[in-house]
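Trainee: I'm new to this one. Could you walk me through how the labels are earned?

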Amino acid sequence: MDEELRSLTERLRAEASGSADLDRLLAVEDPDALAAVLTEPGQPLWARELAAFRLGSAGDRRAFESLVLLLNHRDPPRCAAAAYALARLGDPRTARAAAALATNELRVAYALHPVRLLVELRAPEAVPALITTLRRRLRPHDPYRRVALACVDGLGELGDARAEPVLNEALAHPALAEAAVHALARIPRQRRASGPHIPGQR
């Protein structure tokens, strides 16, 4: 059992109140049996989460919808577990879904793990989504500092020159300034300094 599954199991065991079904789901080897848990009526949330996590970690795309719902859950440990499984799922829809969640202003309180997942995926949707989310967080008195910091750190890790303007704006915010300095330093200098290419120039 890997560390992520072990941590998930400990959390869900407390939630399942000693139900023998948890150990049964841990022992199941048939992916069809796990997938059935996601669609059977009356299944508790912990059972659906465990089944989705195991399927997603194994690359079974039947877990996609359940994991995306969990990625935007109000409970941060559920979001973190879903992000871990989605990063390993290999579904081409994942980045688009994560970008939609990260930029949904009505759900910004739960955007932290979608932002982090986008950075891990390094998909084409990542930089535009993080720029959009961070720019909104630069409004006066915005309460979502952790989301803003995750965007700043993520844009630094991605190292894309398109992020330079919004990172420069973040320098004016004391809570973000230090992280923005580090993020800007990670954007390769030649990409930041290069102007438009003029034919015939070397």
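Mentor: Sure, and keep in mind that this is a predicted model. Helices here are DSSP runs of H or I with at least four residues, numbered from the N terminus. With that in hand, Arg122 sits in the loop between helix 8 (112–121) and helix 9 (126–137).

Trainee: Why is Arg122 called partly exposed?

Mentor: Its relative accessible area is 47%. Buried means under 20% and exposed over 50%, with partly exposed in between, so Arg122 at 47% gets the middle label.

Trainee: And what makes the phi of Arg122 worth a look?

Mentor: Most residues other than glycine have a negative phi. Arg122 isn't a glycine, yet its phi is positive, near 50°. His141 does this too: a positive phi of about 65° in a residue that is not a glycine. You'll find His141 in the loop between helix 9 and helix 10 (145–158).

Trainee: How do you know whether His141 is buried or exposed?

Mentor: Check its relative accessible area, which is 81%. Exposed means over 50%, so His141 counts as exposed.

Trainee: Over to helix 3. How do you know that its buried residues are on the same side?

Mentor: In helix 3 (residues 31–39), the buried ones are Leu34, Ala35, Val37 and Leu38. They cover an arc of only 145° around the axis, so they lie on the same side of helix 3.

Trainee: What covers them?

Mentor: The cover over the buried residues of helix 3 includes helix 2 (20–27), helix 4 (45–57) and helix 5 (64–71).

Notes
Residues numbered from 1 in each chain as written. Predicted model: local features only at pLDDT ≥ 70, side-chain atom pairs only at ≥ 80, totals over all residues. Heavy atoms only, no water. Buried < 20%, exposed > 50% of the residue type's maximum accessible area, 1.4 Å probe, protein only. Helix = DSSP H or I, 4+ residues; strand = E, 2+ residues; numbered from the N terminus. Arc of directions from axis to C-beta. Contact = heavy atoms within 4.5 Å.
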